[in-house]
Amino acid sequence: MSSRPRAAWPLVAVFTAGYLASYLLPTVVGRLSVHLGLSSAQAGLVGSALLLSSASAGFTLAGRVERYGSRTPARIGLVLAAVGYGCAALAGSVPLVVLGVMVGGFGSGTATAVAAAGIAAQRDPHRTSSLGLLTVSATAGALYLTIPHLGGGHRVPFVAIALAALLVWPATARLNGPTAPEESAAQITGRLPHRRSGLVLAGGMLVWSMAQNALWGVSSRIGITQAGLTEVTVGVVFAAALGAGLLGVMGAGVLGARVGRAVPIGLGTVVIAGSIVLSSSARDLTSFATGEILWNTVYPVVLSYLIGLAASLDVRGRWAVLAGSASSVGVACGPLLGSVLSEEAGYPVMGLVLGAATLLVAAPVTAVALHTGGRPLVPGSVRRRGGAPAALLAATTGSLSGAVPKLGSPEQPVTELRVRRRRLVRSAIRTAGPDGGPGQSNAYASTSDR
């Protein structure tokens, strides 16, 4: 892709279309169970198939978005999402629904991978990812207020996701096209930076997302079965929770990197673990709503920092796509895990298990945030903040071999400077007083030669 970042709003639109299916997962799983006669575990398995297909698209595209550009893969993903979810909405048999769900999931994952790679190339990845989460939360909240009042069985959620993909299609015209073959090959063959930190982050996001989606996949059943609420009331609670999530994401966007990434990730994960336990043990409206609202307020905040952390490890977006795909695998396993745990041990025990897993993963992920907080974004690049002095140092002394990015790469462009060594040496050893006399060193003599 071009080294010059494009406008963020097309990426936000594609991000919203790709993420919407996972945000609507509770109502998708719940309606599959009620209207197609599936058990809780079977409906959860269908949801897992959707999200696993989405994750496979991310792994397939990791490192390849630069070669194809953003526009073509995004359009293919949106078409697959519209066709797949549309077919799942029209199908009346379980096998056809599963087939449509997997095709649509692959489309959602393709759109998400394109958006993740593009967000990583932005000047402020965290702010762009926060805006994407803000948009998808607002869209999902509006749908949670609307869907319970509509009939249509399992069809309505799938139709909503398919329509969102179609509505986002015009935004793809503003995305980048494919790069030149020689430029693309040079970018793709570059070594993946920060491998250890990236692998720890990807593994942590897998477990973290699995725990979150295990609860999210059965939250509707907790509210209806254990707390004794109606589908309309549960929908209102979810809409309120997603609305609180909007406030959380806006707060994260305003806060930015003022306190770094480690504090929001570590502290936020601890709060999430407590809210999981509270929500899963709820037996009335107050405790259920409190747990869900607290959880959904903090969850997107931590997620935005995790996405920003993955993007900071490689501005070409490879770790953003790989970590996002690992997260999608966890999200895919979540509904099935939540269904099995709730059926075998009950919702409260399920919450304790998921809360403990969330706490365990907080330490390594926070350590990655601390370890990479002050490092350059990629090996061989200067830091965005204060990059020019580093480039100047490399040019004048030659002591930072390979520290300046090549022209045309996605990193911050640096102007190549030529230094005449003979004049520089003479200037460095020349002595001068106020009028050029002897005895006083001229500390600024070398600046005239730059």
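**View 1. Glu-231, a partly exposed residue in this predicted model.** With a relative accessibility of 38%, Glu-231 falls between the buried cut-off of under 20% and the exposed cut-off of over 50%, so it counts as partly exposed. Its side chain meets that of Arg-31 in a salt bridge, with 3.6 Å from N to O. This pair ties together distant parts of the chain: Glu-231 belongs to helix α11 (residues 231-255) and Arg-31 to helix α2 (residues 25-35), 200 residues apart.

**View 2. Arg-31, the buried partner.** Here we turn to the other end of the pair. Arg-31 has just 5% relative accessibility and therefore counts as buried. The salt bridge count for the structure is 1.

**View 3. Helix α10 and its bend.** Running over residues 195-226, α10 has 32 residues. From first C-alpha to last, α10 reaches 44 Å, close to the 46 Å expected at 1.5 Å a residue. Follow the helix along to Val-218, where α10 bends by about 50°. Just after α10 comes Gly-228, which takes a positive phi of about 70°.

**View 4. The whole protein, for context.** Stepping back, you will find 17 helices and 0 strands. Of the 450 residues in the protein, 55% are buried. Among contacts with a separation of 6 or more, 83% are between residues 24 or more positions apart. The accessible surface comes to about 19,400 Å², and carbon and sulfur atoms account for 65% of that surface.

Terms used. Residues numbered from 1 in each chain as written. Predicted model: local features only at pLDDT ≥ 70, side-chain atom pairs only at ≥ 80, totals over all residues. Heavy atoms only, no water. Helix = DSSP H or I, 4+ residues; strand = E, 2+ residues; numbered from the N terminus. Expected span 1.5 Å × (residues − 1). Bend = angle between axes of the 7 residues up to and from the residue. Salt bridge = Lys/Arg side-chain N within 4 Å of Asp/Glu carboxyl O. Buried < 20%, exposed > 50% of the residue type's maximum accessible area, 1.4 Å probe, protein only. Contact = heavy atoms within 4.5 Å. Areas by Shrake-Rupley, 256 points an atom, 1.4 Å probe, with all protein chains shown as cover.
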